[in-house]
Amino acid sequence: LTPTGSTSTKVELRGNVLLLECIAAGLPTPVIRWIKEGGELPANRTFFENFKKTLKITDVSEADSGNYKCIARNALGSAHHVISVTVKAAPYWITAPRNLVLSPGEHGNLICRANGNPKPDISWLANGVPI
């Protein structure tokens, strides 16, 4: 079974294509099966290539992080390998701040919601000076 050992790790960036490979040898030729531990493979973004030796997930997000297991099985037995996947993300807007026009004495709210992995720090500045 390649990769060797029982576990390995993979880091991918949000929005990219995740490719995981699992190559097994045996006679009779083993059948490969993929599962996501504690979850489901995303139905509309999951593809298999090379007779299921390669698992391909398109447009990955942080929700795709987790442990993926490939299982190779034939009539004589089975072998498996777990790949721990972490999806990293540059900061991106959940709610971007919008322009706010106020008259003297009025109050208003500016909302800024961002996410990423690792989680970004948010700083507020007025005319280039931290608030």
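The following paragraphs describe the domains, strands, loops and selected side chains of a predicted model.

The chain is divided into domain 1, covering residues 5-88, and domain 2, covering residues 91-130. The C-alpha centres of domain 1 and domain 2 are separated by 39 Å, and the contact between the two parts involves five residues of domain 1 and four residues of domain 2. The area buried between domain 1 and domain 2 amounts to about 360 Å², with carbon and sulfur atoms contributing 44% of it. On the side of domain 1, Arg14, Glu62 and Lys88 together provide 88% of the area buried against domain 2, which is more than any other three residues supply. Arginine 14 is also found over the face of tyrosine 92, at 3.6 Å from the ring centre.

Within the region of residues 46-57, strand β4 (residues 46-49) pairs with β5 in the antiparallel sense over four bridges, and β5 itself spans residues 54-57. Four residues lie between the strands of this hairpin, and among them asparagine 50 takes a positive phi near 55 degrees. Lysine 52, which is found in the loop between β4 and β5, likewise has a positive phi, of about 70 degrees, although it is not a glycine. The charged end of lysine 52 sits over the ring of phenylalanine 48, at 4.9 Å from the centre of that ring. Because its relative accessibility is 37%, lysine 52 counts as partly exposed.

Threonine 54 lies in strand β5, where it is the bridge partner of glutamate 49. Threonine 54 is classed as buried because its relative accessible area is 7%, and the cut-off for burial is under 20%. When residues up to four places away in sequence are not counted, threonine 54 touches Leu19, Leu20, Glu21, Trp34, Phe47, Phe48 and Glu49. Phenylalanine 47, located in strand β4, touches Thr54, Leu55, Lys56 and Thr58 under the same exclusion of residues up to four places away in sequence. With a relative accessibility of 40%, phenylalanine 47 is partly exposed. Phenylalanine 47 and serine 84 are 37 residues apart in sequence, and the distance between their C-alpha atoms is 19 Å. As for aromatic rings, the count of aromatic pairs comes to zero.

A further antiparallel pairing joins strand β7 (residues 77-95) and β8 over four bridges, and in β8 the bridge partner of tyrosine 92 is asparagine 115. The side chains alternate along strand β8 (residues 113-117), such that Ala114 and Gly116 point to one face and are buried, whereas Arg113, Asn115 and Asn117 point to the other and are not buried.

Two cis peptide bonds may be described together with the loops that hold their prolines. One of them joins leucine 27 and proline 28, with omega about 0 degrees, and proline 28 lies in the loop between β2 (18-21) and β3 (31-36). In the other, the peptide bond runs from asparagine 117 to proline 118 and omega is near 5 degrees; proline 118 is placed in the loop between β8 and β9 (125-126). Asparagine 127, in the loop between β9 and β10 (129-130), has a positive phi of about 55 degrees although it is not a glycine. Asparagine 127 is exposed, because its relative accessible area is 83% and the cut-off for exposure is over 50%.

Technical notes: Residues are numbered from 1 along each chain as its sequence is written. This is a predicted model: local features need pLDDT of at least 70, side-chain atom pairs count only at pLDDT 80 or more; totals for chains, interfaces and linings use all residues. Side-chain values use heavy atoms; hydrogens and water are left out. Helices (H or I, at least four residues) and strands (E, at least two) are DSSP runs, numbered from the N terminus. Buried means under 20% relative accessible area, exposed over 50%, partly exposed in between (1.4 Å probe, protein chains only). Contact means heavy atoms within 4.5 Å. Rings of Phe, Tyr and Trp (its six-membered ring) pair if their centres lie within 6.5 Å; planes under 30 degrees apart count as stacked, over 60 as edge-to-face and the rest as tilted. A charge sits over a ring if NZ of Lys or CZ of Arg is within 6 Å of the ring centre and within 35 degrees of the ring normal. Two strands pair if DSSP finds at least two bridges between them. Domain bounds come from an automatic or database domain assignment. Buried area is the accessible area (1.4 Å probe) that two parts lose on being put together, summed over both.
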